[in-house]
Amino acid sequence: MQAFEAIVIGSSAGGLHALKTLIKGLKPGFDIPIIIAQHLSPHSENYMAHFLDQLNTIKVKEADEREKILAGHAYIAPPNFHLLIENDRTFSLTVEEKVNYARPSIDILFETAAEVFREKLIGIILTGANHDGANGIRKIRFFGGFTIAQNPSSAESDTMPKAAIQTGSILKTMELEEIAVFLNSLLN
Amino acid sequence: MTNSVYYEKDDSILQLEMELLLEAVFRQYGYDFRNYNKAHVKRRLVYRMQQLKLESLSELQHKILHHPQVLALVLKDLSINVTEMYRDPAFYLSLRKEVIPILRTYPFLRIWHAGCATGEEVYSFAILLKEEGLYERSQIYATDFNTEVLETAKKGIYPVSKIKEYTLNYQDAGGKNSFSDFYTARYDAALFDPELKKNIVFAEHNLVTDSVFAETHLIICRNVLIYFNRTLQNKVLELFNESLIKGGFLGLGSKENIMFSTVQDQFLITNPNEKIFQKKIL
Ligand SMILES: C[S@@+](CC[C@H](N)C(=O)[O-])C[C@H]1O[C@@H](n2cnc3c(N)ncnc32)[C@H](O)[C@@H]1O
């Protein structure tokens, strides 16, 4: 099996709960870097990182500009910034216009991650009430990465996973708990 | 913003074309984007290439060199001008509480807004200076390398549709009056009090290629350094260090920092969350 080098996750309405379930389900010592774009209100503080950081050994923090992507870490896009991945595997941020009414944009994160990590990337679309992430999922598949959508029928909000599935570029549709089991199976 | 996704399997060719294009823009027009963050520049150039229905960045380079109006489009693409009044109200509140009391001790103030875009930040701070009784002794420089946005900034007219949000921001920033005291609304436009402009000079200045033009007491440069790589960030921070008087202040964007930069040791941290720093008096 190919060794995956990064996981990108996009979530929107209902995302906090879904992310909690997913991250909680990961084995202690899970070390593939995780990068998350969750739509948040522009004025929210970074409580989400603190909250998710309590769940297991994975160190969850807000992504800083120029920060290097490290094993054992999960990074969250800061509210009101787009998060991009650079070729040297560091983060950069921009405040350009919203994309799909959202900043951070899941598409921007996924597309730039796809260009850098190529077939060594996993893209996951969770619950959400818009179409953000669908273009990004297409691009991840184009470069040979692995793509997963949360099962729309059990997602709090099914629009986003449905839109991703409709691109024809989703390889697996799973429950949150199954996604965690699948990711755990990639270790060692 | 386009919905189409650009696919290019061989990234090394795209990278090469991008480097050549940026070199060409610099050599021909003097705008230096060679040390801007690559992922951002690539996205914006590819967007423009698609809009113009071109096949490659090499074709875009050709257009830029032979048609200056295409350069204008690309400059606009690369200079993200998104801004708002009192963006991050806590930043302004901190300036009011922690910086203004010290600025008050100077008989004359020079304040520089670097990368001011369409000017919302400049008027926000000018109002704050008025409320604190410091406006009359201030000289404000508002600069950007994009002359188009400076024209908008000079007008001081913003959409009425934004005023509700700006009013909330103003209040959170510690505003002391009614925000409507500072503008007159006409149809869908809010014209800010021309008195606010009296001590403001709007001028073209490129942080990458131009040098220091004044000795300043406070520099506000927010959400500009995020587009630069480390080398360029250091260069610009050194420029600010040179311009600031000893004891002068520097305010950056919420995701920008002087930590790990070459000027780190020259500054004290005034407010770590709001990214406000003070040049050491030594
Ligand atoms: C995102 S805006 C920031 C506006 C405002 N300071 C704020 O935080 O809301 C970035 C601005 O930096 C300007 N800029 C980018 N590169 C520059 C350079 N080399 N010299 C001067 N201004 C530059 C752009 O034209 C743009 O107006």
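Biologist: Which residues are the closest of those that surround the ligand?

Modeller: In this predicted model, the closest are Tyr36(B), Thr83(B), Arg87(B), Glu121(B) and Asp144(B), and 21 residues surround the ligand in total. A residue is counted here if one of its heavy atoms lies within 4 Å of the ligand. The ligand itself lies between chains A and B.

Biologist: What makes the pair formed by Glu121(B) and the ligand a polar contact?

Modeller: The cut-off is a pair of N or O atoms within 3.5 Å. A polar side-chain atom of Glu121(B) is 2.7 Å from a nitrogen atom of the ligand, so the pair qualifies as a polar contact.

Biologist: Which other residues have a polar atom that meets this cut-off?

Modeller: Asp144(B) is one of them, with a polar side-chain atom 2.6 Å from an oxygen atom of the ligand. Leu207(B) takes part through its backbone, where a polar atom is 2.9 Å from a nitrogen atom of the ligand. Both distances are within 3.5 Å, and therefore both pairs count as polar contacts.

Biologist: How much of the ligand's accessible area does the protein cover?

Modeller: On its own the ligand has 600 Å² of accessible area, and the protein covers 99% of that. The space that the ligand takes is the largest cavity.

Biologist: What is the make-up, by class, of the shell around the ligand?

Modeller: Nonpolar residues number nine, polar residues eight and charged residues four. Glu121(B) and Asp144(B), both listed among the closest residues, belong to the charged class, because Asp and Glu are assigned to it.

Biologist: Why is chain A called as compact as a globular protein of its length?

Modeller: Chain A has six helices and nine strands. For its 188 residues the globule rule gives 16 Å, and the radius of gyration of chain A is 14 Å, close to that value, so the description applies. Its C-alpha atoms fill a box of roughly 35 × 35 × 30 Å along the principal axes.

Biologist: How do you know that chain B agrees with a compact globule?

Modeller: A compact globule of 282 residues would have a radius of gyration near 19 Å, and chain B has 20 Å, so the two agree. Chain B contains nine helices and 10 strands, and its C-alpha atoms fill a box of roughly 55 × 55 × 30 Å along the principal axes.

Biologist: Where in chain A is the cis peptide bond?

Modeller: The bond joins Arg103(A) and Pro104(A), with omega at about 10 degrees. Pro104(A) is in the loop between strand S6 (91–94) and helix H3 (106–117) of chain A.

Note on methods. Residues are numbered from 1 along each chain as its sequence is written. Chains are lettered from A and ligands numbered from 1 in the order in which they are written. This is a predicted model: local features need pLDDT of at least 70, side-chain atom pairs count only at pLDDT 80 or more; totals for chains, interfaces and linings use all residues. Side-chain values use heavy atoms; hydrogens and water are left out. A polar contact is a pair of N or O atoms within 3.5 Å; within protein, one must be able to donate a hydrogen and the other to accept it, and residues adjacent in sequence count only if both atoms are side-chain atoms. Accessible areas come from the Shrake-Rupley method with a 1.4 Å probe; for residues, only the protein chains shown count as cover. On a 1 Å grid over the protein atoms alone, a cavity is a set of points where a 1.4 Å probe fits but cannot get out, and a pocket is an open set with protein on both sides within 12 Å along at least five of seven lines; lining residues have an atom within 4 Å of a point. A molecule sits in a cavity or pocket if more than half of its atoms lie within 2 Å of its grid points. Helices (H or I, at least four residues) and strands (E, at least two) are DSSP runs, numbered from the N terminus. The radius of gyration is taken over C-alpha atoms; the globule rule is 2.2 Å times the number of residues to the power 0.38.
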